[in-house]
Amino acid sequence: MKVRGIVLACGNPQSPVITDGDRFEVRQVPSRPGKAEVDPVFPDLGDGRLIVHGTDADLNAVVLRLLRTERLADVAVGYVPVDPGSDVARVWGLPTDPGRALDLALSGDPDRVSLVRDDVGGVLLGLGSLGPVRGVGYADDTVVLRGQASRLEVTPDPDNGLGLLVSVIHKRLFTRKVTTTEGRAFQLGCLPVQVTLDGVAHPRPMGKWTWYRHTEDLRLVRGLQ
């Protein structure tokens, strides 16, 4: 039996075409929907899945509401990215073609994948980045940065290892060196730097930052039945 669910079309005037209208309902919500737009969906969802049609930032906002309402274990999340350059799609191996992405979101199998949080109350689903940066950074007990780097990038671990991957990038005139380390947590102390999370810049430069694997996984639809 096919699952039912609700599709959140986030800030998008063109809703995805759902042929199985008896089992899936499309609701228009603003970009990066918050508590007022997302939470009222849950009572109508039942045990169905929630599909986000939008940007990585939109998906981030919806998953944050799942975290804060303690519904991560109950709700499977599908994603139909509107941006072909979606970092979430790249990290998790999701299609960016609208038709293929919608088919997968509607009928694929959910996997339990690592959900990355930060120490200011947010989540990370695709790419977190900062730089140029000067400071000291640790992935668990391993020093991954002592000094300066052109850029730091953090993603969830798509292979469901320890939780996250930290890439330290050094750029020179004709070279680019990248060192990647896995861990359950990444901690950084540095000169104030701009942090970007799933395409959204943090409101102010930060002199310290932490990303870490949440104790509960996200049920992300990314496998074919």
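Guide: A salt bridge is a side-chain nitrogen of Lys or Arg within 4 Å of a carboxyl oxygen of Asp or Glu, and by that rule this predicted model holds 7 salt bridges.

Visitor: Why is the contact between D44 and R27 called a salt bridge?

Guide: The side chains of D44 and R27 meet with N and O 2.7 Å apart, and because the rule asks for a nitrogen and a carboxyl oxygen within 4 Å, the pair counts as a salt bridge. The two partners belong to distant parts of the chain, with D44 in helix α2 (residues 42–45) and R27 in strand β2 (residues 24–29), 17 residues apart.

Visitor: What makes D44 partly exposed?

Guide: The relative accessible area of D44 is 42%, and since buried means under 20% and exposed over 50%, this value falls in between, so D44 is called partly exposed.

Visitor: How do you know that D111 and R222 form a salt bridge?

Guide: The closest N and O atoms of D111 and R222 are 3.3 Å apart, which is within the 4 Å that the rule allows, so the pair qualifies. This salt bridge, too, links distant parts of the chain, for D111 lies in strand β5 (residues 109–113) and R222 in strand β18 (residues 218–223), 111 residues apart. With a relative accessible area of 29%, D111 is partly exposed, and R222, at 25%, is partly exposed as well.

Visitor: Which residues are joined into one network by salt bridges, and what makes it a network?

Guide: E25, R27 and D44 are joined into one network, made by salt bridges that share partners.

Visitor: Why is the pair of W209 and W211 called edge-to-face?

Guide: A pair of aromatic rings is described by the distance of the centres and the angle of the planes. The centres of W209 and W211 are 5.7 Å apart, with 65 degrees between the planes; because centres must lie within 6.5 Å and planes over 60 degrees apart count as edge-to-face, the name fits this pair. The count for the structure comes to 1 aromatic pair.

Visitor: Are W209 and W211 buried or exposed, and how do you know?

Guide: W209 has a relative accessibility of 1% and W211 has a relative accessible area of 1%, and because buried means under 20%, W209 and W211 are buried.

Visitor: What makes D140 a fitting member of a surface patch?

Guide: D140 forms a negative surface patch with D141, D159 and E182, and because patch residues need over 30% relative accessible area, the 32% of D140 meets that cut-off. D140 counts as partly exposed, and its place is in the loop between β9 (133–139) and β10 (142–149).

Definitions and conventions
Residues are numbered from 1 along each chain as its sequence is written. This is a predicted model: local features need pLDDT of at least 70, side-chain atom pairs count only at pLDDT 80 or more; totals for chains, interfaces and linings use all residues. Side-chain values use heavy atoms; hydrogens and water are left out. Patches are made of residues with over 30% relative accessible area and no salt bridge: like charges are joined within 9 Å, nonpolar side chains (Val, Leu, Ile, Met, Phe, Trp, Tyr) within 5 Å. Accessible areas come from the Shrake-Rupley method with a 1.4 Å probe; for residues, only the protein chains shown count as cover. Lys and Arg count as positive and Asp and Glu as negative; His and the chain ends are not counted. The place of a charge is taken as NZ of Lys, CZ of Arg, CG of Asp or CD of Glu. Helices (H or I, at least four residues) and strands (E, at least two) are DSSP runs, numbered from the N terminus. Buried means under 20% relative accessible area, exposed over 50%, partly exposed in between (1.4 Å probe, protein chains only). Rings of Phe, Tyr and Trp (its six-membered ring) pair if their centres lie within 6.5 Å; planes under 30 degrees apart count as stacked, over 60 as edge-to-face and the rest as tilted.
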